[in-house]
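Student: I should like to take a close look at one kind of contact in this protein, the salt bridge. Could you please guide me through it, residue by residue?

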Amino acid sequence: MDDVNTKKQLLTENAIKVLEKRYLAKDSKGQVVETPEGLFRRVAKAIAAPDQMYGATSEDLQKTEDTFFEMMSHLEFMPNSPTLMNAGRPLGQLSACFVLPIDDSMDSIFTAVKNTALIHKSGGGTGFAFSRLRPTNSVVASTSGVASGPISFMKVINAATEAVKQGGTRRGANMGILRVDHPDIMEFITCKDDLSELTNFNISVAITDKFMDAVNNDEDYDLIDPRTEEPYMRDGGPVRFNAKKVFDMIVDHAHTTGEPGVMYIDRMNSGNPVRKVGLYESTNPCGEQPLLPFESCNLGSINLSRVLKAVVDPDNTHSMYKYEVDWDLLDDTVADAVHFLDNVIEANRYPLPEIDVNTKSNRKIGLGIMGWADTLITLGIRYNSEEAHDLADKIIRRIKKVGHKTSIGLGKKRGHFPLWDKSIYYEDGTGPEMRNSTVTTIAPTGTISIIAGCSSGIEPIFAVSYVRNVMDNTKLIEVNPHFEKIAKERGFYSEGLMERIAEAGSITDFEEIPDDVKHVFVTAHDVLPEDHVKMQAVWQRHTDNAVSKTINLPHDATVEDVRKAYLQAYKVGCKGVTVYRDGCRAEQVLSTGHTGSPESEKGDSADQAVLLNAKIKDRPEVLDGITTKIKTGYGNLYITVNTLDGKPFEVFAQIGKSGYSTMADTEAICRLISLALRSGVPVDNIVAQLKGIGGSSPVFGNGGLISSIPDAIAIVLNNQFGGGKAIEKDIDINLEFCPDCGARIEHESGCVVCRSCGFSKC
């Protein structure tokens, strides 16, 4: 029996690879000097230590440390990545998300730029509301000039983010939010039409209830001047937009590029437990954590697929066991996780003193879940079913109940959060003395779910099977482990079938797969938009903060499909929503056989890496570059690679005294390589095409055989930029294949995630 509760470390090969690459401590030479067990022990020890502040004995501390260690090493709970990376280490910054204020002054704006750099350097992501900034072309009294508007300052922060590498482990991520009644709203909606702009920002429109009423009634609404909070005036009168037309523009751009998302700001604030302290204006980069200015939140997720238990099932023809939720284990894990996350607040070394104060004033934590799709598959429940909704409702109710009970218990022992008397819990001093103003959040779990070996967040599985390309054009078939196990046990597994499933992107039409298996293994694109929204709404119903989820749509989804999703999300109580239509990014690489391009209709598949609507980037006046000398059979070859934002952008090569024909051939090769790079073709694909091309004068040099000039260029490109080197400096969220390993990238919860190697960007 494959008992999901076997008490041993169950790290997959992928999990170990991700830990070694991104989490385990390394020495000065970059060599890993920590084991996964050592990481979990390091984190457990550091997070147990704050118990000393509340009278814990050394025996108590050891018991708490062991409890924390066991729930991580048993893959039942994982904290957010900064805690795994930094707890018990010199940096000590443990929070994933922050919100910084931006007021309408140059001092505030550039203080925010500085603070952003400090946060990103420490491993966190930042959210901003730009709604307080005066609109474009407003008069600046102190200079008699005109304001450049919110978008210009978003670009400044984007550039600052690009310049900062987050402690060598995480890249910067930002959320930019603008209210729908800001005078620059139309420019904001379109600000990511050029996918080379604002690559470090997710954007969302803050939508009010008043605006939604105007949309439903097809009415005009006032734009508001953020300086006066009165209707925005131009040419002697108030400026009004038609709400339906603005909403249609939001929907149309979300259909085209996946952005902007929407944040239902009034609904966010209806769940704000400290409204007397301040109102939410922004969230973290993935939209699930609304925060007040200078607040941070510490997140962690329970792996639901590890809180199941096997019971004997004599009626099952395929197995003598069936599974059910282990409610007692879930309760224990929730209680221990709340204890863990509250301790993180004390153990944390905050990047700014203001964040230290504000975080400890409200003590927000965000406990969520992952492994939901795996849990449903194990239980034999279809993702888009009422049975799944009922179970989700039962689980999140239980997590909230136990989580709040635990927080109250901590409050009685350690003291309630300092601003408790300004909160919804106060009730004239008689309410529950919560230790934490919020307890639950459903966050993205891209890399921590890889470590835990489970599906991400509350998302359905992304694919049953897909093709992964490695650098030498070898095709590897990646198969969902649950599906592979069932297929082998029931005798319908074959490599050919897995390849055909990867080509099709769904198992719906495969007659050789039993109906009961097809019923359970639905992918993100098998789920209708309205069913994605329904699932999000169920989890939101009993979640203190918000729910991060992507409504994944097939390529042929219509603008009307997006409109319905946004309207339905508002109607059923979601606090925000993000859509992603497969193939919608202008530079997206063909990702599955059914992406929807004319090529795919002819049978092209993911392994062909066809660029859809590739845009050739313009060349700036000045570029940085490196020149490498390499020995060839035609003389020394000098290869110059110029870069744009860390990416190889163009290639030039100069060969020695070898004749005009060789020089011309070399120039032609470089021009074509440069064209490919400027069109977004990954370096590894170019290397794979050039590597090993033979010539009449092979020579040994630079550590190996150099067959020709194309082969020499391939060697230089691979050494300098292959496998994600340097490209890491500017990863474009728009690409659909991982820049590190070439595997399919999944769009989920406002992020892109590679489940093969752990690369992620939000």
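Tutor: Let us begin with Lys 309, which is partly exposed because its relative accessible area is 30%, a value between the 20% under which a residue is buried and the 50% over which a residue is exposed. Please bear in mind that the model is predicted. The partner of Lys 309 is Glu 324, and the closest N and O atoms of this salt bridge are 3.9 Å apart. The pair links distant parts of the chain, for Lys 309 belongs to strand β18 (residues 308–312) and Glu 324 to strand β19 (residues 321–325), 15 residues apart. Glu 324 is likewise partly exposed, with a relative accessible area of 33%.

In general terms, side chains of opposite charge can pair when their charged atoms come close. A search of the whole structure finds 36 salt bridges, and two further pairs deserve attention.

One of them joins the side chains of Arg 490 and Asp 516, with a distance of 2.8 Å from N to O. Arg 490 is placed in the loop between α16 (481–489) and α17 (495–504), while Asp 516 is part of helix α18 (residues 515–520), so this salt bridge ties together parts that are 26 residues apart in sequence. Arg 490 has a relative accessible area of 28% and is therefore partly exposed. Asp 516, at 39%, is partly exposed as well.

The other pair is found within a single helix. Asp 531 and Lys 534 both lie in helix α19 (residues 529–540), where three residues, about one turn of the helix, separate them. Their salt bridge has its closest N and O atoms 4.0 Å apart. Here the two partners fall into separate classes of accessibility: Asp 531 is buried, because its relative accessible area is 12%, whereas Lys 534 is partly exposed at 35%.

Salt bridges can also be joined into a network. Such a network links Asp 51, Asp 342, Glu 346, Arg 363, Arg 414 and Arg 435.

For contrast, consider a part of the surface that is nonpolar. Ile 616, Leu 672 and Leu 675 form a nonpolar patch there, and together they have about 280 Å² of accessible area. Leu 672, a member of helix α22 (residues 660–678), has a relative accessibility of 59% and therefore counts as exposed.

How values were computed
Residues numbered from 1 in each chain as written. Predicted model: local features only at pLDDT ≥ 70, side-chain atom pairs only at ≥ 80, totals over all residues. Heavy atoms only, no water. Patch = residues over 30% accessible without salt bridge, like charges linked within 9 Å, V, L, I, M, F, W, Y side chains within 5 Å. Areas by Shrake-Rupley, 256 points an atom, 1.4 Å probe, with all protein chains shown as cover. Helix = DSSP H or I, 4+ residues; strand = E, 2+ residues; numbered from the N terminus. Buried < 20%, exposed > 50% of the residue type's maximum accessible area, 1.4 Å probe, protein only.
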